[in-house]
Amino acid sequence: MNNLIKLTAIVLCAGCASPEGKGLMESGPGTGAEVVFDVFAKPLPNVPLPNDFATRFDATSATKRRINASMVATTKWERSTRESLDALDGWGTYQSITVAFQKPLDLHNLIRRHQGDDYDPRDDAAYLIDITPDSPDFCQRTPLDMGEGNFPIVLERPGYFDNDREGDQLLFDDREEDLNRNGKLDLGEDLDMDGVLDHPNTLYPGDSSFKALPFYERETNTLIMKPVLPLREKNTYAVVLTKRLVDEDGRPVKSPFPYINHASQTKALEPLERCLPNFGLGLADVAFTWPYTTQSITADYIAIRDGLYGLGPMKRLAAEFPGEISKLMTLRDSLPGSTINVRIVSGEQFRSTAIDLLKQLNGGGALTASMQEVADHHKFIDYHVVFQFVSPQFFPRVDSEEKPLPLYKQLFDVNPVTGAAFTRPETVTVWLTVPKKAAGSGPSPVVILGHGYTGNKLDPLFYGGFFARYGLATIGMENVSHGVGLDPTDLELARALLAGKGLGNMFDAIAKVDRAFDQNRDGIKDSGADFWTSYILHTREVVKQSAIDYMQLVRILRGFDGAKTWQYDANRDNHDDLVGDFNGDGVIDVGGSAPIHITGGSLGGIMSAMMSGLEPQIDVAVPVSGGAGLPDIGVRSIQGGVREAVNLRMLGPLFTTTRNAAGQLEAWQVLPNLNDLGRVKLGPVDATPVEGDTAVLTNITTGEYRCARVGANGLLRAAVSSDESDQWKIALYSGPLPPPLPPEEAPEGAPDPRSGCVVPEDATPYWTMDTFGIDSKFQGLEHKAGEPLIALGDGFGLRRQSPEIRRFLGLAQLAIERGDPVNFLPFTEQRRILRYGTGETVATRMVVVNTIGDMNVPVATGVSIARAAGMIDLYSPDARFGKTANRVLIDNGVLEAVERVGRYQNSLGQDVLMDVDHFSALSGSGTQDLFDVPRLTPALRLVKPNDRVGGVTGVIFPMVVPTGRHGFDTPDPSLPFNLGSVMLNMLGRYLQTGGAELPMEACLESSSCSFVPPMPAD
């Protein structure tokens, strides 16, 4: 047994004995496909999940339950992860539901009942029903996606690293291995060496791999049902399989027990009988059912935020981490006798410097039209400020000996009931731009600009002027571990440019003081290298921590009350100025009672969506190119860093071979270098592997091994679950080795069937490698020739397109729930209420911006933001189209977002995407963008007045290029259609009006609308 998927190896006394007592109803006779419920199955126990059968009682838990995962594991990473999952008090609110059967199901029946009916429950085969009697949703069902299209899996880029088998998606088989069509796994047919005869996971033989089934795994007869909306926390749900669910022979599926449920779950399921009539059902219609309880999601946030405001069990946080600026940075050189305010830099002084800086970023040439627009808009900025504050951090970085902890141990240790928590201080640096405004006017509304993955707080350089035009201040600050990851030489060149203008201190404040640090010993700070990774629990924590940092910032801004003073005297009147009065004019400049908004792209979009449902003092949120359902992002993302830090850690570390320029075969190890791709040469391969030979990679430290098939030209790729520094051995054998016996035939102690092959006792490898063949170096550590060959990093070694990787991603959703924006979006528009001890409730006006064809943060996950917030109707047809808005998006390929599937072509026959919002039609002919693409008529533009939170809210889908782009650019008047101007004027006005107006007018492109302030003269 190996890999994280063994977390399903659950050990429960209740499950080890025969059921006692009675179920809700006898299951009756039947010969249909029986639900698999086998706690003794090998290599893994096989029970429907999530399932409260796989939990244990804990009186201290908010749900009285804890996940009950086996602690037996081969790697330290896996053991530590199991321990953390074991502490969860329930299952995932957005986790897929899986149940296996002993025979194949009738998939046409499932498709007929669950697709194309706008989630009409009247003839469904399966239901997910809230059976918590005191729940606002008691007896309501949550719609389930069974191939409906809400969660597409097709990839923009099919390949994953060296010598990949490729394939059009990551999860399911797309190759036929039964070459002689005899239905048996013959020697040499196991192309991926997983010990199983694989068939394409499609509805019909011969279907394109673009049509892989996402809701059913043929290899294991497993039904996969994904909730379309997030469930409520700490509620119990019943999964109900009705007798409408039939096998390939048309017979209803059946319970594995004498009753329609496990007898130990009868009490928990009793409320179900009251709910079934809502769907025209009774117990007699149920084939099998089980309950599961969702974990608590908001407790940590409530306890911590209340603590910051001096309330609740963590009220000490208010004194330990005061809501105040800890330092107002010196930005300008101070001259003897000068009375100048050295803590602010005027917009005009910085603008002239910024032009030179932007030219340097452009390679020293003239400014592009887009960058000239950026520079021109700096005319609207009055001045710049950089300040710092201290935020409590709830996960450790080092152990008791001050040695760096592995990321899988850098986790929160917070008890929201008792208030016990690990904390440490961390300084956060903020760049603030203040817009020009009338003398004596009150504080400006502020927009928090969330940066992208691996980005930093420099976003005000590019966007501060555009928002200042609308009277909005902007704030740039880094999320956890982010900063300016530039080579020191490049940093000094840029610093010299600003220092020449007397702004060297400002450069240091915005570019050298940040939260990034060197994580791989190369002397360069690594921005965000530990943010998105397969260390899924650490990823959860850095998202949570970043949200708490924003909460602390908001607290500080609200603390500018116009009464408190600080030790700064900007106006030199020998009196302390008001807190928040940066220019010394006697009026606070931002904060206080002025609105606080948040926006950002990519990671900034994810965090903007998160904060829209978490922070009650956020007035308006505009997530751009963000996503929710974080594992869904990892399944398809093409974002550099995500593929390496997430996918490669799932699939690797890889042992590969390649041909050098001279044609010689070399051995390499391929693994993440933090969030970049690392390749380390191990030495020559002094052999001539032949296609079809077998490679066996053994983790000598753990005893596990995995087999791989040699491909054409001697190229191979093998992986085995490893901790960093585990000892490896690779061996090559002539021809194919026999597959392992099926689990039901394997004797005790037989190799794990997923090892892929059995090495006969008399088999002799013709080449082995267990030491470095040459001197090698990785992340600053040297490995000499002749030293034992080791794994240079952690990895799960999962095979692509296998049940194990699908299960891993299902467990990833369970693990990350408390850091996934999807769970907080129902609070945004108060479809659910999040209330803090201060009495505040969350209520945010929001417009979600998803760019067509985005596959960095796949646009389908951006739609998940809007859907979870209630902005996309699932049930009622849009009169304009005769179908629901959700169905319009699916049918027009917006969620799929991959042009290479060939859904649409331009007049030249090239693959393109559909433009559903057609923003170029706001001005001109509508074709001046020169996009030769199909356009939806009328344009979708899902924005409307909101009677819950006021103003207007919704989701829009601008097209940046015909084949899709991640985010939109700053305004560029040189383009045929200036989409950047349209978007920033539209969103600027939306933020300026506090979410009351989202204009869609022709004047947006030319910035000639009456509400757009004119550009100041030079």
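This passage walks through the disulfides, salt bridges and two helix contacts of a predicted model.

The cysteine links make a convenient starting point. A disulfide is a covalent bond between the sulfur atoms of two cysteines. In this model 3 disulfides are counted. When the bonded cysteines of the chain are numbered in sequence order, they pair as 1-2, 3-4, 5-6.

One of these links connects Cys 139 with Cys 275, at an S to S distance of 2.1 Å. The partners come from distant parts of the chain, 136 residues apart: Cys 139 sits in the loop between strand S4 (126–130) and strand S5 (144–145), while Cys 275 belongs to helix H5 (residues 272–275). The link of Cys 139 and Cys 275 is left-handed, with -75 degrees about the S-S bond. Cys 139 has a relative accessibility of 8% and counts as buried; Cys 275 is buried as well, at 0%.

A further disulfide joins Cys 707 to Cys 757, with the sulfur atoms 2.0 Å apart. Cys 707 is part of strand S22 and Cys 757 is found in the loop between strand S24 (728–733) and strand S25 (767–769), so this pair ties together parts that are 50 residues apart in sequence. The torsion about the S-S bond of Cys 707 and Cys 757 is about -65 degrees, and the disulfide is therefore left-handed. Cys 707 is buried at 4% relative accessibility, and Cys 757 is buried with a relative accessible area of 0%.

The disulfide between Cys 1003 and Cys 1009 has its sulfur atoms 1.9 Å apart. Here the torsion about the S-S bond is about 95 degrees, so the disulfide is right-handed. Cys 1003, at 16% relative accessibility, still counts as buried because the cut-off is under 20%. Its partner Cys 1009 is buried too, with a relative accessible area of 4%.

Charged side chains add another set of links. Side chains of opposite charge can pair when their charged atoms come close. The structure holds 55 salt bridges, and a few of them serve as examples here.

Strand S22 comes up again in the pairing of Arg 706 with Glu 804. The side chains of Arg 706 and Glu 804 meet in a salt bridge, at 3.1 Å from N to O. Arg 706 lies in strand S22 (residues 705–709) and Glu 804 in helix H17 (residues 803–816), so the salt bridge ties together parts that are 98 residues apart in sequence. Arg 706 and Glu 804 are both buried.

Glu 478 and Lys 457 form a salt bridge in which the closest N and O atoms are 3.1 Å apart. Glu 478 is placed in the loop between strand S15 (473–477) and helix H11 (488–499), and Lys 457 in the loop between strand S14 (446–450) and helix H10 (459–468), so the pair ties together parts 21 residues apart in sequence. Glu 478 counts as buried at 0% relative accessibility, and Lys 457 is buried with a relative accessible area of 0%.

The salt bridge between Arg 122 and Asp 120 has a different setting with respect to solvent accessibility: Arg 122 counts as exposed at 66%, and Asp 120 as partly exposed at 21%. The closest N and O atoms of Arg 122 and Asp 120 are 2.5 Å apart. Elsewhere, a network of salt bridges links Glu 148, Lys 883, Arg 887 and Asp 891.

Two helix pairs complete the picture. Two packed helices are described by the angle between their axes and the distance between the axes. For H11 and helix H12 (residues 504–512), the axes come within 7 Å and cross at roughly 145 degrees, and the crossing is right-handed. On the H11 side the contact involves Leu 491, Glu 492, Ala 494, Arg 495, Leu 498 and Ala 499, which meet Gly 504, Asn 505, Phe 507, Asp 508, Ala 511 and Lys 512 in H12. By class, this contact has 6 nonpolar, 2 polar and 4 charged residues.

The axes of helix H13 (residues 536–558) and helix H14 (residues 603–612) come within 10 Å and cross at roughly 65 degrees. The crossing of H13 and H14 is right-handed. From H13, Val 543, Ser 546, Ala 547, Tyr 550 and Met 551 take part in the contact, and from H14, Met 607, Met 610 and Met 611. The contact of H13 with H14 has 7 nonpolar residues, 1 polar residue and no charged residues.

Methods. Residues numbered from 1 in each chain as written. Predicted model: local features only at pLDDT ≥ 70, side-chain atom pairs only at ≥ 80, totals over all residues. Heavy atoms only, no water. Salt bridge = Lys/Arg side-chain N within 4 Å of Asp/Glu carboxyl O. Buried < 20%, exposed > 50% of the residue type's maximum accessible area, 1.4 Å probe, protein only. Helix = DSSP H or I, 4+ residues; strand = E, 2+ residues; numbered from the N terminus. Axes fitted to C-alpha atoms, helices over the stretch in contact; angles between N-to-C directions. Left-handed = near helix turned anticlockwise from the far one by under 90°. Contact = heavy atoms within 4.5 Å. Nonpolar A, V, L, I, M, F, W, Y, C, P; charged D, E, K, R; others polar. Disulfide = S-S within 2.5 Å.
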